Amino acid sequence: MPYSRLFARLGLTAICAVGQAAAAAAQTGPVTFTDHIRPIMERSCWNCHGAAAQLSDLDLRTREGALDGGSRGPALVPGRAEDSRLFRMVAGLDQPAMPMSGDALTAGELQAVRAWIDGGAHWDAAAATSAADARAALEGGGLPPGAREYWAFQRPLRATVPAAEEYAHPVDRFLETARRDAGVTAAPQADRLALLRRAYLDLTGLPPTPAQVDEYLADTARGAWERLIDRLLDSTHYGERWGRHWLDVARYADSSGFEQDYNRPNAWRYRDYVIDAFNADKPYNQFIREQIAGDELDHVTDETLIATGFLRAGPRVQFREKDNPERRHDYLDDVLATIGRGMLGMTVHCARCHDHKFDPIPQRDYYRLQASIFGYVETDWPLLDRAEADAWRARNAEIDGRQQPLKDEIAAIEAPYRDRFRRELIEERFPANVQAAAFKPEAERTPGEQLLAAQVLSINSPRWDIEGALGPDDRERRDALREQVAALDAERPPPPDMAEIVTDGDYRFTPDGPGDSIIGCPECRIPPDEPGTFLHEADGPAYEAPPSYFLIRGDPFSPGSEMSPGFLSVATYGDPPTVIPRPDGRTSGRRLALAEWIASRDNPLTARVIVNRVWHHHFGRGIVRTLDNLGRMADPPTHPELLDWLAVEFMDRGWSIKALHRLLMTSEAYRMASLHDDAASAAADPENRLLWRYRPQRLEAEALRDAIMTVSGGIDLTVGGPPVFPHIPEDVLRTSGGKGLWCGTPPDGKSVVAPHEGIWCVEPDEPETWRRSVYVYRRRSLGFPFFDTFDLPDQNQTAAARNVSTVSTQALTLLNNPFVLNQAELFAARLERQAPGDAARQIELAYRIALTRPPTAEEAAVAAELVAGQSLADFTHVMLNLNEFLYLR
C-alpha cells in the first residue's frame, strides 16, 4: 500500500495542535463523561484498554484504573491535561500517537478531553459501568419491534389470481388488474417476426438465422410459440446467454485485480460450470448449494468443487494472510456482500461496522454469517481420479522434500542482503518508535509493538534488488543451488488439469514452506493435501473451524466475543441448523447449513430475488426495481401480489429457471408490442411501471458483439473452454501492467511468456478470436474496450442490473472500430456469395439477416441508392449501426 496510507493506519500522521479550530470546537456547556468522553473511550480506547485486552497493563474503564495507570505510569493527572499521558498521546504530543488504529480524534474531541481532564476528570456516577456491559449490549443487538412486518421479511404466500376474464394467463390477470385500476390500456400483440427476434435475443443472445425464421413461419399449428420457446431453451446457447447474467452477480473475472492483477489460469472452469448449470436447468436451490458448499455435499464431484469458485471469484491481492490478517476480513466481506446482494437481495455488508442503518440487520448477524464461512480457504484442486491424484501429490511432495533444504540454503544466502535493504528502508521512512518495534526481538515486543512491527516488516520495496547486491561468491553458490532446484522441478510429473476451488482448512499456516499460500496469486499456490499444507486431512480428527470474532466497529484488531455461525435473524423462521456435521469430518458443515438456509422454502428472500431478477431480464425492469436490495431503501414492488405468486409458483415447479421462462414468455404481457401510441396510458403511467407496453432494451455489450458476428457469418459457436483474447491495440494494452498478463515483450522489457498461458497478447482480429463474448478474457485492470464502451459493469463487485448509457463514444465505436468495419466487410461478402450481382436481393437478405424482417419499399430504395453510390460494405456497415439492430424490441 502507499506509504501515506500505511502511516495513517499506524497512527503516525502528525495531529494538529489542539489550539487549532479551538473556537469552532468550543463546548457550549460543561463537558461530562457520559455525554462527551465515554463515546470516545468506546470507539478509540476500550478495545485495547478494556475488558478484552489491557495493553501496557492499562485499564481505562474506570477512573481508578486510569489513575493507577499501567506499565508507563498514571494515564491521568486530574486538573492538568498537559501533564496527563492520556491527553498527550491522543493529541500526538507523545509517541506512539493514539489510538493505534489511526482513527485520530477530531479537534473538537481533543478540546473535550482537555476540558474534562482540566475539570478534574470525573466519571459520572451513572457511567461507572464496565466496558464489558457496553460490549455485551453491542454484540447482543436484537431485532427492533415489528421488524418482520416489512413485506420482504414475510414468507411469500400464493395470492389469489385476480378475475380478469379477458386473460387466461395468471401473470396477465395480475397485470391487467393493476392497469385497469390506473386507467391504462395494454398494447396489442407484436407481429410474429418481432416476437421471433425478441425470443432469440432474449434466450440465446443471438439473432435468428434465415433458416430459423423460415422454420418458425412454416409452423402455423397451435402451440408454435410454445414450441419455439422450448427449442430455444434446449439450445446450448441459452446457457451462454443466461449464464452471463449470473456471472455479473458472481463478479467473475479471469484475473485477480488490484495493482498486480495476476492471471487466474483456471477461473474459466467456474464460468463453464455456470453455463452448463443453466443449460441443464439445474434447480436454483441446488445451484445455490453447490456454489456455497459444493465441497460439503453428500455427493461431491469435480463439478460441485468447481462450483465453489463462486466464493473466490472476486478480486484478490497478493499477500500472506499471516502478515496481513485484516485482508481476510476484506475478502470475507466481499463474499458476504455477494451472497447478500446476489442471493438474498440484502445489503448485509452494511452491518460490518455497526447495525444496519435502514434494515433490521444487527451487527451480530453479520458476524454470525461470517462465522459460517470463516474457515474457508482457496486452493487449486487436481481434476484426477483418487488414485491418480494420490500418486501425483505423493510424487510432488517427495520432490518438495528434496528441494526444501536447497531453498533454505538460498534463503540463508540472500537473507543478509534482504535484511539490509529492509533496515535501510525502515530507517528512512519511519520514526524512531516504529524502528525500535521493528528491530526488537519478537519475544520482547509489547502487543502494541507487535502490531507496528507486523505492518512495517510486511512492506516490499523495489530497492530489494538481491541480484545487484550479491557478492561474487554468494552469487555463485546461490546460482548452483538454483540449478539443483530447477533439475528437481524437471522431474515433476506433468501438471494435471486444475480447478480453483474453496474448501475448509486452517488459514493460519506457517509461511515460506510447503503449504504456504499467496492469496490472489494462483500460480504461487502449492497443490493441496501435501504434507504441511493448511488443508485438513480426511483421515485425521474431525475438522474444527478456526474461531471467528465479533469485530468492534469492524476493526480486525479489535476482536470482541467469539461468534457461532448463524443467519439473518429477520429472515429466519423456525430453528434451522447452523452446522450440518459431515460424515467424513473433512469440513465443518457450516457453509452447507448456510446454503440450506438460503435455499429453503422458509427463507422469505431467495425465491423473490431470483424471480424478480429473471423478470427484469425479460421485461426490462424488475417488479422491484432494485434487484439486489429488497430492503427498506428499495423501491416498493409495483405488483407485490404477483411477485409473491411467482415466488411460490417457482418453488412449486422445482426451482426451475426454464419453467419460469416458459411461464413468463407465454404471457400476453411478454408478447405485447413495444411501439404503441396511447396518449392516455402514457399520461397515466409515463414510466411504464404497470407494463402496458413492452419495454425496448438495448443489447448488452456481449450480445451486441455476438449479434454483429452472427449476421456477418464470422462467429465461432464453439461452446466452453479457455478464454479467447480479441484484438486490443498495443498502445491500450501498454497502459496497464499486471503480473503474468503479457506475451511477447512486456512494458518492463524483461520477460516473455506464451499466449496459451492465459496472457492477453496483441493478437490480430482473426476468426480464432470471434467466439461468443462470454468466452472473452475478463481482466479486472483493463476491460475489453468494446465492452467498456457499452457499459460493462465493474468486475470487482457483484452487479445486479447493468447501467445503460447513451454516449457519443458508442456511436463512434460502431462507426470507426476496426472490428466493426471488418465484420461489415464480412457481412457484405456473405451477401455477395448468397446473391452474386443482385443488389435488390442482397438488400432483402441484409434486412432479413440483421433485423429479421424484409425492408419497406422506402428502405429498399434508400439502400439501393447507398449501394450504388458507395458500396455494399458501406450499406452493411449502416445496418450494424441501426437503432433497430441494437435494441431488443
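## Surface and overall make-up

The accessible surface of the protein chain is about 36,800 Å², and carbon and sulfur atoms account for 53% of it. Keep in mind as you look around that this is a predicted model. The chain has 889 residues, of which 54% are buried.

Its secondary structure comes to 36 helices and 6 strands. If you take the contacts between residues at least 6 apart in sequence, 71% of them join residues at least 24 apart.

## The nonpolar cores

Let's look inside. The largest nonpolar core holds 170 residues, and those touching the most other members are Trp 246, Tyr 284, Trp 615, Leu 646 and Phe 885. Setting aside neighbours within four places in sequence, Tyr 284 has contacts that include Trp 246, Met 343, Ile 610 and Trp 655. A second, separate core has 25 residues, among them Ile 37, Met 41, Cys 45 and Val 90.

## Helix α24

Helix α24 covers residues 606–619. Does its length fit what you would expect? At 1.5 Å a residue, its 14 residues should span 20 Å, and the C-alpha atoms at its ends are indeed 20 Å apart.

This helix is mostly covered, with 14 of its 14 residues buried. Just after α24 comes Gly 620, which takes a positive phi of about 85°.

## Aromatic pairs

Across the whole structure, a search finds 29 aromatic pairs. In one of them, the ring centres of Phe 619 and Tyr 670 are 6.0 Å apart and the planes meet at 80°; an angle over 60 degrees counts as edge-to-face, so this pair is edge-to-face. The two rings come from distant parts of the chain, 51 residues apart: Phe 619 is in helix α24, while Tyr 670 is in the loop between α26 and α27.

Tyr 670 also forms an edge-to-face pair with Tyr 694, at 5.8 Å centre to centre and 80° between the planes. Tyr 694 lies in the loop between α27 and β5, so this pair ties together parts that are 24 residues apart in sequence. Phe 619 is buried at 0% relative accessibility, Tyr 670 is buried at 0% as well, and Tyr 694 is buried at 1%. Elsewhere, ring pairs link a cluster that includes Tyr 238, Trp 246, Tyr 284 and Trp 655.

## Cysteines

How many disulfides are there? The count comes to 0. A disulfide is a covalent bond between the sulfur atoms of two cysteines. For Cys 350, the closest cysteine sulfur is in Cys 353, 9.8 Å away, which is too far for a bond.

Cys 350 is partly exposed, with a relative accessible area of 33%, whereas Cys 45 is buried at 9%.

Note on methods
Residues numbered from 1 in each chain as written. Predicted model: local features only at pLDDT ≥ 70, side-chain atom pairs only at ≥ 80, totals over all residues. Heavy atoms only, no water. Disulfide = S-S within 2.5 Å. Buried < 20%, exposed > 50% of the residue type's maximum accessible area, 1.4 Å probe, protein only. Helix = DSSP H or I, 4+ residues; strand = E, 2+ residues; numbered from the N terminus. Expected span 1.5 Å × (residues − 1). Core = buried A, V, L, I, M, F, W, Y, C linked by side-chain atoms within 4.5 Å. Contact = heavy atoms within 4.5 Å. Areas by Shrake-Rupley, 256 points an atom, 1.4 Å probe, with all protein chains shown as cover. Phe/Tyr/Trp six-rings, centres within 6.5 Å; stacked < 30°, edge-to-face > 60°.
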